[in-house]
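Colleague: I should be grateful for a close look at a single part of this structure. Please take one strand and explain how it sits among its surroundings.

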Amino acid sequence: MQDVSKNVRVALCGNPNVGKSSLFNALTDSRQHVGNWPGVTVERKSGYRVYRGHRIEIVDLPGTYSLIASSKDEEVATKYIIEESPDVVLQVVDSSNLERNLYLTMQLMEFGKPMVLAMNMSDITEDRGDSLDLDVLKRFLGAPAVRTVASEGIGLEELLDAIVGVAKRIPVDRRVGYGELEATISDLRDMVERDAEISSRYPSRWMATRLIENDSYVKGLLADRPIWKDLEAYLSNIDREEGEMDLADSRYTVIDEVVALSCKRCKPKRSVSDSMDRVLVHRYLGIPIFLILLWGAFELTFSAAAPFMDLIDAGFAELGDWVAGNVRPEWLASLLADGVIGGVGSVLIFLPNIVIMFMILGILEDSGYMARVAFLMDRLMSRVGLQGKSAIPLIMGFGCNLPAIMATRSIEDRKDRLITIMVTPFMSCSARLPVYILFAGAFFSHMAGTIVFMMYMIGIAAAIFTAMALRAFVFKGEPSAFIMELPPYRLPTTRSVGVHTWDRAFLYVKKAGTIILLGVVAIWALASLPFGVEYGSEASWIGAIGKVIEPLVEPLGFDWRIAVALLFGFVAKEIIVGGLMTLYGAGQNENALTDALKADGSLNQVNAFGLMTFSLLYMPCVATAGIIWGETRSWKWTMFSIVYGIVLAYAIALLIWQVGGPLFG
Amino acid sequence: MFDETKREGPSLADLPIGAKAFVESVKAKGSIRGRILAMGLVPGTALEVVRKAPMGDPIEIVLKGYHLSLRSGEARAVKVSSTPVGTLRGIEKEGR
């Protein structure tokens, strides 16, 4: 009946928050591949499914509201559909929010590809008594519409049947009538069609409308063609702003008609969601409620993770001891035990934190609460050069900077995201706490708590200062827009939270694991060479480096031992304490270290405070630096983050010692 | 078209909580313009201001059956009127 070849490539599109990921997971099971789109850090997910003799490959395009290439996500989606020519374009539509969802449909229709609509969340619409006539919808849009509930796996077979049915068929021609603009579109089409190569590759009507909308991607395709001069001259004579509005207006007019004819009683009611919002985003209660939830999330993250962390810690210690005792030659045992096992262990120990934190974040995200947090915090955050969506990553940073930086993916605007990534390392993560506890305990016994609290405040101040400076000097110009949907609250599904958590945990282990491995091996080599020295002692290369940089840190009131400990701290900041134990010969006993530090005449309250501040601010740990590179794909920004942190830490510690030393020393 | 340079009508940012209005035109420039239009803020669309965030910004509105938040900066670029007839395009949509 159909002569479809066995391979069917499907582009999966849709607005954000319509259950696109759930559908993708349900369709592809777990046969998925996660990567990045070439050149951008937008995540690319693809998967496949074998269905009735067809291998159906599904590529998950970024969630977008429209397809004018104004953001990276939209450009990626446009480029895939137009350049890689999928056999079927599958749009996931939130049936309970038809009008806005169909706007994307109108734009997808212009590509002239076979289309299928998955009318998702149809249970919600039916529960509230709507009736949606799928046949009418199909007749108007020229694409089969299938009722689905992705989270429960309902409608998948019908959807796959529809996909196979339209694949590689000549698509039904459906177009939006643009009224008065048709004459302009027709002129532009004629001009585009003079270029045979371009018009054989791209639909000319699509190009004409995108030119009116000033689409940078289409402009880029035409910029070096001979016809561009004429097009440019023509475009400069029409009111494109007016035209852009007319196009949007016409699309929504068609949508209104389609919805009126196909849907009875499609009057969205969200009484439950509305009453939740009356409390959760209340003008005065909203922020306090958020802070309480946040505190609860932290409590849960750390208390629930603690036993697992102890287990991992003990496991690695055991393994390290075994290797140290049984592997020969000795240098290899040391490399494996002190370097690889110690280093990898110091990364994996955070895995329980990461898993639990992403589970909580996944629940908050899928429920729709995250969008409310961005709404509540936007004003405050935008005052300091950030925006509402920066709030979550920064707060997570107090737990661990690493997942925090991964969480910045929810910020679409590139500049806002970069600034957020750059200031996240100043959020004092839990790994820095042992350093504060040690020094505050040793030198500020009666007011240790206050001193630790001050560290957190100094970190926040550094973040605010940095964000404002970057906004004022580096990312000048038009501030990003904040136009965000507040989706209705929904119950998160176990599956979607599970998949999200697994993806993030896997990325953490993979990225941090490779980079930290390099880092720890390098530090191990410095601490153990030349052969035969005591690990990390004055005679080792790292000790020599410590001696060399001692004059540099002397103005801060630090000696070579502290310099070496700070070098160790680059791997992971809690190693500073371990490093000092070795250097002060305190064994594994923290009380002995406290006594040794107190007995060391060169240390007092002022340089102890300086050291705590320095530990807080100086460069992110290796794993975080690795993630910064992974997320920004920019050596420049990764280096900036490292160098800037050191410079800032140095400046402030210098100020503390030079001013505070004479005053209190 | 109207001579819009002479007549600066009220914008979405001027509306109090609970106010209902119709979009008259969108004055935003560049890529923000496209985003505002794509979200359904096209001339003639009925909308209602639901609430404002702490410190009065951003604002939350309902249109086309869904909730949208935007900063007052963007909201100022959306001109509104109390009746859908103020626009020549004026395709009257369901007048809530």
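**A strand and its partners**

Modeller: The model is predicted, and the part chosen here is strand β4 of chain B, which covers residues 66-70. Five bridges join this strand to strand β3 of chain B, residues 59-63, and the two run antiparallel. Within that pairing, B:Glu60 stands opposite B:Ser69. The two strands form a hairpin with two residues between them, and in this hairpin B:Lys64 takes a positive phi near 45°.

Strand β4 of chain B also pairs with a strand of chain A: β10, residues 483-485, is joined to it in the antiparallel sense over three bridges. Here A:Glu485 stands opposite B:Leu68.

The side chains of β4(B) may be considered next. B:Tyr66, B:Leu68 and B:Leu70 point one way from the strand, while B:His67 and B:Ser69 point the other way. Residues of both groups are buried. Because five of the five residues of β4(B) are buried, the strand is largely enclosed by the rest of the structure.

For the wider setting, one may turn to the nonpolar cores. In soluble globular proteins, nonpolar side chains tend to be buried together. The largest nonpolar core of this model has 117 residues, and those with the most contacts inside it are A:Phe290, A:Phe439 and A:Leu580. Beyond its neighbours within four places in sequence, A:Phe290 is in contact with residues including A:Tyr369, A:Val373 and A:Ile392. A second, separate core has 85 residues, among them A:Leu222, A:Trp228 and B:Val26.

Note on methods:
Residues are numbered from 1 along each chain as its sequence is written. Chains are lettered from A and ligands numbered from 1 in the order in which they are written. This is a predicted model: local features need pLDDT of at least 70, side-chain atom pairs count only at pLDDT 80 or more; totals for chains, interfaces and linings use all residues. Side-chain values use heavy atoms; hydrogens and water are left out. Buried means under 20% relative accessible area, exposed over 50%, partly exposed in between (1.4 Å probe, protein chains only). Helices (H or I, at least four residues) and strands (E, at least two) are DSSP runs, numbered from the N terminus. Two strands pair if DSSP finds at least two bridges between them. A nonpolar core is a set of buried Ala, Val, Leu, Ile, Met, Phe, Trp, Tyr and Cys residues joined through side-chain atoms within 4.5 Å. Contact means heavy atoms within 4.5 Å.
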